[in-house]
Amino acid sequence: MSFNPGSFTGITEELRMLGLAAVVGAFLGAVFDILRVIRITLPHKSWMVFIEDFLFVLFFGGVFFCFSVEMLEGSFRLYVLVGMVAGFGIYLLTLGRIISGIFRTTGNILRKIRNSVAEWFKEAVPAKNFPEK
């Protein structure tokens, strides 16, 4: 067994990569939040949600692969994957909840306004003014 000094990065470098992986995971959480906002504003069928989630998992894997190639010289490290998943989860449980809550609340308010305007319009304009279908 030979020892290659370049293959051992050291704990400081591994912690730096773990932190960077967590930041990348948080970025991926923000990308996933875009999907959540789209789902809040435009309800989807379950098969569409499945396809979106499947494509996102492929994207996540691609980012992990690119991170490993660029930052770790092509070697796969479990702690990097754990860091990305942790950053992703922390984002979704903190800032992601706030953002999706804001969009949910805004969407509910806009729906109520739309329904109120539609009700007012129905009362203001009698149905006999509209042609039968």
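**Salt bridges in the predicted model**

The structure, a predicted model, holds 4 salt bridges. A good place to begin is helix α1, which spans residues 11-41. Here R16 pairs with E13 in a salt bridge, and their closest N and O atoms lie 2.9 Å apart. Both residues belong to this helix and sit 3 residues apart, about one turn of the helix. R16 is partly exposed, with a relative accessibility of 46%. Its partner E13 is also partly exposed, at 27%.

Further along helix α1, the side chains of D33 and R36 meet in another salt bridge, with an N to O distance of 2.9 Å. These two residues are 3 residues apart in the helix, which means that about one helical turn separates them. What is the relative accessibility of D33, and does this residue count as buried or exposed? D33 has a relative accessibility of 3%; because buried means under 20%, D33 counts as buried. R36, in contrast, has a relative accessible area of 21% and is partly exposed.

The next pair brings in a second helix. D53 forms a salt bridge with R39, and the closest N and O atoms are 2.5 Å apart. D53 lies in helix α2 (residues 46-71) while R39 lies in helix α1, so this pair ties together parts that are 14 residues apart in sequence. D53 is partly exposed, at 28% relative accessibility. Which residues are joined into one network by salt bridges that share partners? They are R39, E52 and D53.

Definitions and conventions
Residues numbered from 1 in each chain as written. Predicted model: local features only at pLDDT ≥ 70, side-chain atom pairs only at ≥ 80, totals over all residues. Heavy atoms only, no water. Helix = DSSP H or I, 4+ residues; strand = E, 2+ residues; numbered from the N terminus. Buried < 20%, exposed > 50% of the residue type's maximum accessible area, 1.4 Å probe, protein only.
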